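Me: Please take a close look at a single part of this structure, the largest cavity, and tell me what lines it and where it lies.

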Amino acid sequence: MRRRIKITDDLLGSLHRLAAEQGQTVHVQEIPPRPARRAEPALPLSPTMQEALDRMGIETLYTHQAQAIDAIREGRDVVVVTGTASGKTLCYNVPILETAVTHPEARALYLFPTKALAQDQLRTLRRFQRPDEEAGEVGPGAVPGPFGFHAGTYDGDTPAALRTQLRERARILLTNPDMLHSGILPNHARWADFFSRLSFVVADEIHVYRGIFGSHAANVFRRLLRIAEHYGARPQLVFASATIANPGELAERLTGRTFTTVSEDGSPRGRKHFVFWNPPRIDASGLERRSSNLEARDLLVSLLRGGYQAIGFVRARLLTEVLLRYCQEELARDGGGAAKKIRAYRGGYLPEERRAIEKALFDGDLRGVISTNALELGIDVGSLDAAVLVGFPGTIASTWQQAGRAGRREDESVAILVGHNLPIDQYLMRHPAYFFERTPEHAVIDPENPHILLSHLRCAVYELPLRREEERDWGEYAPAILDLLGEHGEVKEVKGRWYSTKEGYPASNVSLRNAAENVYTITETGRPDGNRVIGTIDEPSAFPQVHPQAIYMHDAETFFVDRLDTEEKVAYVHRADVDYYTQAVSDSHIEIVRTELEKRLFENEVGFGDLNAHTKVCMFKKIKFGSRDSIGYGNLELPSQTLETMGLWITPSLESLKKVTRYGRIPAEGLWGIANVLPDVVSLFAMCDPRDLGTLVDSKNVGVPAVFLYDKYPGGLGFAQKTYHMIEEVLEGACDLIHACPCGDGCPSCVGAPLPPHMQQDPDAMGKGRIPDKEAALVLLHAVLGKPDYVPKAPVDAARRARVEAEEAKVEKKHARRSGPERPLPPRVVTPLPTDLAAQLRRRLGKG
């Protein structure tokens, strides 16, 4: 058993001493302890269940556990939303395992968003068995027990022989939405016995079901419940979620069912101190700050030397390895194997490697781990003393999730947010109240999005003929979409039922997460015992991270990439002892392929059509460990990665741009501010997640700077199209949002932006940038919307005025190069959405 050390004021004292000279501690928020509130269910637990809980050291239940168990026993659909490590799993395991005793024929389906989480929950189920009950398992890791059930994980890593056993014998099946969608539902006839007895469907961590993924998942749930009904079952639904603003609404949107929400957390919480830690300035200008990675190293090393167990969260896989190397180099000075007491954890490690790290952390053999958000979800890694977050994770909800990995029950803990030298992080460092006073974000989905619905109606009709009276259950556009599928020969209506007429599984062509299907293996060469696979990486990450001459890092070891085989999907590497790592440099641009719609908005132009969003890894630079000095560059010849999608563009008129320069402002800085605001505003109109949208300011297509907004999904999903038809309302919303923000010159709530995706490898190695110009954005929005001129409040310094004059000259030249006088757009009638939508879907079907 690991040694527990109580966090006391001594730890905060050591942090203050660490920051004494340079003042990194900018804010400390004390979150007071909360005592446990306990309760008993309305009916006592069965003796078998009470015995199992006693073995686990659980004497009584928390109030939320008792409430959830009562509601589930009553047959209600339930969603439990409580904090990290509050015992949500017990809420559904207790009543389901009790049912396994009283109704041996009952079956349960457990859904988790990741394979790792399913494996972790299988280990949790194993704790219900007695130590002497090992026989009769369904394959490796499956669980029998005093409750007379068998359980196992069914995913892409499950061997074929074990899959057959699970279909025939499993009473609790643990899987993920992707496998359910593509491997189980299309083959439901093989699972007929399981579906006919399906009594419970559990979905954990539903807060990740948002945006595109959540909209897809909602249709998978719809298909699942339809197939269960076909076999005569109506399973009870039990969902669990981390803290979000709308858990009940999300559960109901995912399934179409009414849920009872259990949200009053009865678990205890130890005192937690949340520290905002800002790296000190290191240059005379005050613009440069010390590396956030080195600050995190100092913090983690100090914690581990003090006997604490800690986790560090970073935003990119590369940074897990860089920070691990920094920590191990420092800890190696202590001797005694201290450097081996900290590991990295991320996607790309082989499954058995990740399982070993999880176990070592839980058992206390590891004192520290550095992870991406892979450990943000509820994988049980025991009770940690401290969490160090290197950079703002991007959302309030994720920040609290990561901070919540430290501290368990009454144990005290500390969480430290180390700011990057980036606009959003620095804003939080200056205004910590902004973070602590805000509630977690809403999870937004749109299951009836016609583009998503098209894919799942194909799947549903393949799985079971769809009756005419079912059509409206899938949304108002379902009948029209079925007609379109009929036009293209994919379905056929016979006597009021739609049948599939195409061969093959439609589900095999539908990705729920829009994740790249191509996965590269990373193979180490030059070993005496032959080549060895050391990891995997998806294709979008392969180009920037394992390109030729890149330094690939694995468990803090450095490997030189000899060759990237894009045909065989293999990166060949050899071990190399170097003192630098590599940072890819990408170029992104937008190409208008076809203009489908055009209109004027107070002399400004708005267009919509097919876009290609190109990203090309064009070069790399070598960065020295520690100093961050750039010690060389290299050019790369890699294929461009292209997203073929739909989008809109807003082109301000020359007069609108001149209004900005007249006030001594740079139009492009205002356009970037508008581009940063748009995803948040559009999400309110188009029922999507802001992360489903991409924005860019580009002048290559139309000759002058223009704002582009596009769907981050192949072929588009209708978000930009809907925005085009509501562009005036959307821009009004953007203008209102910026006006309403009380900040002086821009912040994350208005024009400020987090780090662009292509720069999220190592913020320390990138340019620092600045928050776009809030005043210029308002001048432009007033001009584009035909509102009275906006007069900026903030003065302009001489340096900015010089940049403005240069920018104004360029704008004049670009407008002069455009095709003579501004041509009047041809008169047109705006196509009603259903017809326009039908055309879009026909084109999607034609491409498919």
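Reply: A cavity here is a set of points, on a 1 Å grid over the protein atoms alone, where a 1.4 Å probe fits but cannot get out, and its lining residues have an atom within 4 Å of a point. Grid points are joined across faces, edges and corners, and a volume is the space filled by probe spheres set on the points. This is a predicted model, in which local features need pLDDT of at least 70 and side-chain atom pairs count only at pLDDT 80 or more, while totals for chains, interfaces and linings use all residues. Residues are numbered from 1 along each chain as its sequence is written, and side-chain values use heavy atoms, with hydrogens and water left out.

Searching the whole structure gives 6 cavities of 30 Å³ or more, and the largest of them holds about 140 Å³ of space. Its lining is made up of 14 residues, and those nearest the centre are Arg317, Leu318, Gln545, Tyr552 and Met553. Two or more lining residues come from each of α12 (317-331), β21 (532-538), α19 (539-545) and β22 (551-554), where helices (H or I, at least four residues) and strands (E, at least two) are DSSP runs numbered from the N terminus.

By class, the lining has 7 nonpolar, 4 polar and 3 charged residues; Ala, Val, Leu, Ile, Met, Phe, Trp, Tyr, Cys and Pro count as nonpolar, Asp, Glu, Lys and Arg as charged, and the others, Gly among them, as polar. As for where the largest cavity lies, domain 1 (9-32 + 270-437) and domain 4 (519-578) both give residues to its lining, so the cavity lies between them, with domain bounds that come from an automatic or database domain assignment.

Technical notes:
1 Å grid on protein atoms, 1.4 Å probe; cavity = no way out; pocket = protein on both sides within 12 Å on 5 of 7 lines; lining within 4 Å.
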